[in-house]
Amino acid sequence: MTGQSGIRLENVSRSFKGRGATVQALDQVSLDCPAGSFTALIGPSGCGKSTMLRLALGLDHADSGAVSIAGITPMEAARAGMTGVAFQDAALMPWRNVEDNIALPLDVLRKSRRDNAGKIASLIELVGLSGFEKALPGELSGGMRQRVAIARSLVTNPQVLFLDEPFGALDQILRRQMNVELQRIWISSRATTLLVTHGIDEAVFLADRVAVMQSKPGRITRIVDIPLMRPRRPDIFTSAEFHRLEDEIAGALDGH
Amino acid sequence: MAIEAIAARFSTLRNWLVLLVLWEICGRLQVIASGALPAPSSILMRLWIDRADYPPHILATLEGAGAGFLIGNSLAVAAGVLFALFPMAARLGRGVNIALFALPAIAISPLLVLTFSGATPRIILAAIGCYFVTMSSTVTGISQTDARMIDVIRAYGGGRWSILALAQMRSALPAILSGLRIAAPNAVLGSILAEFGGGGRFGLGVYLLGSLGRAEPDRLWGIGLAATLIAGLAYALFSLIAVRFTGATKAVTVPATAPGGEATSWPLWLRLLLSTGSILIPIALWWLLLIAMGTPAMIAKTPVGLFEYLFLLPNSGVSQMKLLAALGQTLPLTIVGMALGIAFAFGLALMSVLRPGIIRGFMPVALVTQTMPLVALTPLLVLMLGRGPSVILWITISVTFFPAFVTMAQGLSMVPRAALDVPRAYGASLFTQLRLVSVPASLPYLFAATRLAVPRALLGVMIAEWLATGTGLGNLLNQSRGYLDYGMIWAVAVVSVLMSVVFYQCVVLIERPVLARRGMHAAQ
Ligand SMILES: Nc1ncnc2c1ncn2[C@@H]1O[C@H](COP(=O)(O)OP(=O)(O)OP(=O)(O)O)[C@@H](O)[C@H]1O
Ligand SMILES: [Mg+2]
């Protein structure tokens with residue numbers, strides 16, 4: 001699947017006309033995620049990260065510029081079942097239990113649930129929700145709901161994966177565990193991944209490249225390459241090289 | 001918790017018992033309206049004596065109401081889905097929708113009986129009684145679907161139909177069920193009103209009409225109770241189903257719906273075209289229907305016939321004067337009655353959150369006012385209140401508040417848990433929570449309720465005028481029926497529909513900017 005599943009944003013601008021004021025959420029943003037790469041997107045709150053993800057998913061349309069996934073429009077890619085997504089907000093259906101929420105993309109794409117029953121069970125196991133298969137979202141904690149959303153994003157074996165702060169509501173230890181799991185999944189699937197995060201450590205641990213954004217207007221100011229070997233082990237978090245990269249990104253966030 | 005629940009249930013039961021005992025005493029002593037309110041025991045006794053009479057009447061009413069309920073609601077849900085998915089269809093259909101809702105049942109029941117035979121008039125009136133409530137709550141439910149869920153489906157390439165099947169229909173379910181809950185008593189009332197129009201030997205309406213002249217209030221009340229029981233059972237059934245579904249439909253966290261709809265982006269010429277279309281369609285339907293049924297021209301007035309009657313005939317001047325004078329009496333009372341009915345419904349809806357126990361106790365009484373045919377209640381109200389404007393206002397409130405209340409309470413109960421958690425965390429009282437969160441969050445439902453109340457208020461005033469005060473449009477309608485003045489019947493029907501449409505549009509004009517300012521969508 002190399003060369004077929006890259007994400008491409010070219011000179012994309014998007015502004016919102018609110019009640020009175022106009023917000024320039026994205027201003028001439030270009031980002032090229034080659035097929036099979038892992039890109040992290042980091043930046044201050046409100047700088048347009050979620051907006052960029054929505055554009056790349058085809059949920060929203062740019063005022064100008066072009067967006068494509070694997071050379072076709074995001075909507076076409078989505079209909080072909082290539083994409084997976086976990087939103088910043090879990091966005092679960094309150095009337096579907098954990099299992100059924102995870103199976104939702106299969107229902108949308110009209111794929112058989114029975115063929116994927118094993119997949120769903122292993123995803124529930126992966127995110128540590130065994131025993132909660134039949135629970136409704138209202139009976140779960142915030143972090144548990146987020147884990148359901150992560151499992152849901154993986155159920156279609158996506159070639160292109162969008163994750164919007166998927167671990168935001170998890171505790172530090174679970175977050176590290178999930179980071180390791182995500183890396184494992186990514187290495188075996190090589191899905192082109194775009195991860196929005198507020199954690200510098202998470203970005204460095206997972207990504208090939210970290211795109212740093214600034215706000216007002218939202219734009220990418222710096223792209224930092226992460227030349228660490230894979231698979232990366234948890235002990236890498238304390239290495240000197242890791243700290244150097246973290247400092248570099250922190251500097252870029254501060255506007256240096 | 002369990003003990004509290006049992007205690008609440010018990011206190012509700014106790015309230016009912018107290019109410020019942022008071023009623024018995026009043027009835028026994030003939031305190032109220034010198035015997036127009038009989039004691040429950042004598043009503044029951046009378047029911048027992050008449051027991052052999054009831055089955056055929058109940059069956060006949062059930063047949064009309066049931067068939068109308070099925071047909072009307074199926075059409076309503078289908079239309080609601082269509083309108084929610086295609087805003088243009090909604091805009092075009094608005095005229096027909098409001099006209100159907102505002103159609104005064106009393107005015108058309110004699111026309112229907114002359115045109116159709118058998119149970120058809122009952123089915124039509126029952127279906128019309130269901131259509132608007134269910135249609136509008138379907139649209140409300142679908143358009144209030146959490147935008148985040150729609151995003152998830154769209155992110156996987158799901159189109160309009162996937163969104164409908166996987167998210168919108170399910171999340172509209174509680175709203176649809178609450179629509180059906182109101183529709184059930186409406187269907188019974190519709191069937192009974194059609195029975196008043198004549199035709200057929202059986203039906204609770206026929207029975208009631210036959211017993212009316214005999215000054216036997218206990219029998220009238222017995223018949224009313226039978227009608228209430230049917231409607232109440234249907235209401236309870238849908239409430240039970242609704243309770244099962246509402247909890248699992250409530251969003252856990254607060255959705256941040258994107259402000260601004262696409263509807264406003266239509267160019268002016270298109271909007272004008274759609275408005276014109278929505279006015280012309282009901283008129284065209286009216287015309288086509290008359291042609292299709294081949295009703296004699298003397299009875300069935302086409303738009304042209306009506307114009308001729310009102311403007312071109314020698315005594316058109318007299319007709320115009322009569323109509324305007326009646327309108328002058330009806331209009332102010334409608335506005336006041338509407339305001340009072342909505343205020344009452346709002347108060348009740350707040351109470352249903354603040355004091356659910358009291359509302360549970362009150363619900364059966366409220367239901368009685370919906371199904372207890374006004375013909376049976378009106379003599380009582382007249383004796384209590386006289387024949388002045390106050391009796392009109394009371395009757396108007398009683399027909400207005402119920403659908404508005406159910407819709408508002410529905411809106412208040414759908415407020416997401418997380419939205420209430422913030423003020424609760426700061427120790428806000430229930431009242432503060434209502435003021436800060438529940439009421440603003442359910443504004444679309446409050447407006448939808450107001451729109452529901454508008455045509456019903458007019459209906460209430462006209463019924464009261466007909467049965468109690470002998471003034472205004474309601475009385476004009478009744479007189480014209482007596483004189484076989486079909487032109488005037490049609491004129492009154494058309495004028496009352498037009499008035500409802502104007503009021504309805506006024507609410508829409510206020511609703512749109514208010515909701516837009518808060519980043520909410522109007523529920524159609
Ligand atoms: N639908 C919308 N209507 C109006 N303004 C919007 C809309 N969506 C986003 N914005 C504005 O665009 C800007 C970027 O929003 P976005 O959600 O992309 O931020 P973000 O980088 O994801 O922030 P966070 O890290 O807090 O999630 C913000 O200023 C926001 O106010
Ligand atoms: Mg965001």
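1. A polar contact is here a pair of N or O atoms within 3.5 Å, where, within protein, one atom must be able to donate a hydrogen and the other to accept it. On that reading, and bearing in mind that this is a predicted model, the count between chain A and chain B comes to five residue pairs in polar contact, both residues of a pair being at pLDDT 80 or more.

2. As for which elements chain A brings to this interface, two or more residues each are given by α1 (49-57), α2 (74-79), β5 (83-86), α4 (104-108) and α6 (142-154) of chain A. Of the side of chain A that touches chain B, α4(A) gives the most, with four residues, and by class that side has 17 nonpolar, six polar and nine charged residues.

3. The interface between the chains puts 32 residues of chain A in contact with 24 residues of chain B, and the two chains bury about 2300 Å² between them, with 64% of that area on carbon and sulfur atoms. Within chain A, the residues that lose the most area to chain B are Pro94(A), Trp95(A) and Val108(A), which together make up 27% of what that side buries.

4. Charged pairing should be described alongside these figures, since the count between chain A and chain B is two salt bridges. A salt bridge joins the side chains of Arg148(B) and Asp89(A), with an N to O distance of 2.9 Å.

5. Turning to the inside of chain A, the domain assignment gives domain 1 (1-82 + 159-171 + 190-256) and domain 2 (90-157), and the C-alpha centres of these two domains of chain A lie 25 Å apart. Their contact takes twelve residues from domain 1 of chain A and ten residues from domain 2 of chain A.

6. The area buried between domain 1 and domain 2 of chain A is about 710 Å², of which carbon and sulfur atoms give 60%. Gly81(A), Leu161(A) and Leu170(A) supply 45% of the area that domain 1 of chain A buries against domain 2 of chain A, which is more than any other three residues.

7. Across this interface of the two domains of chain A, the rule finds zero salt bridges, whereas four residue pairs are in polar contact, both at pLDDT 80 or more. On the side of domain 1 of chain A that touches domain 2 of chain A, α2 and β6 (160-164) of chain A each supply at least two residues, and the residues of that side divide into seven nonpolar, three polar and two charged.

Methods:
Residues numbered from 1 in each chain as written. Chains lettered and ligands numbered in written order. Predicted model: local features only at pLDDT ≥ 70, side-chain atom pairs only at ≥ 80, totals over all residues. Heavy atoms only, no water. Contact = heavy atoms within 4.5 Å. Buried area = accessible area lost by both parts, 1.4 Å probe. Salt bridge = Lys/Arg side-chain N within 4 Å of Asp/Glu carboxyl O. Polar contact = N/O pair within 3.5 Å; in protein donor to acceptor, adjacent residues only side chain to side chain. Nonpolar A, V, L, I, M, F, W, Y, C, P; charged D, E, K, R; others polar. Domains from an automatic or database assignment.
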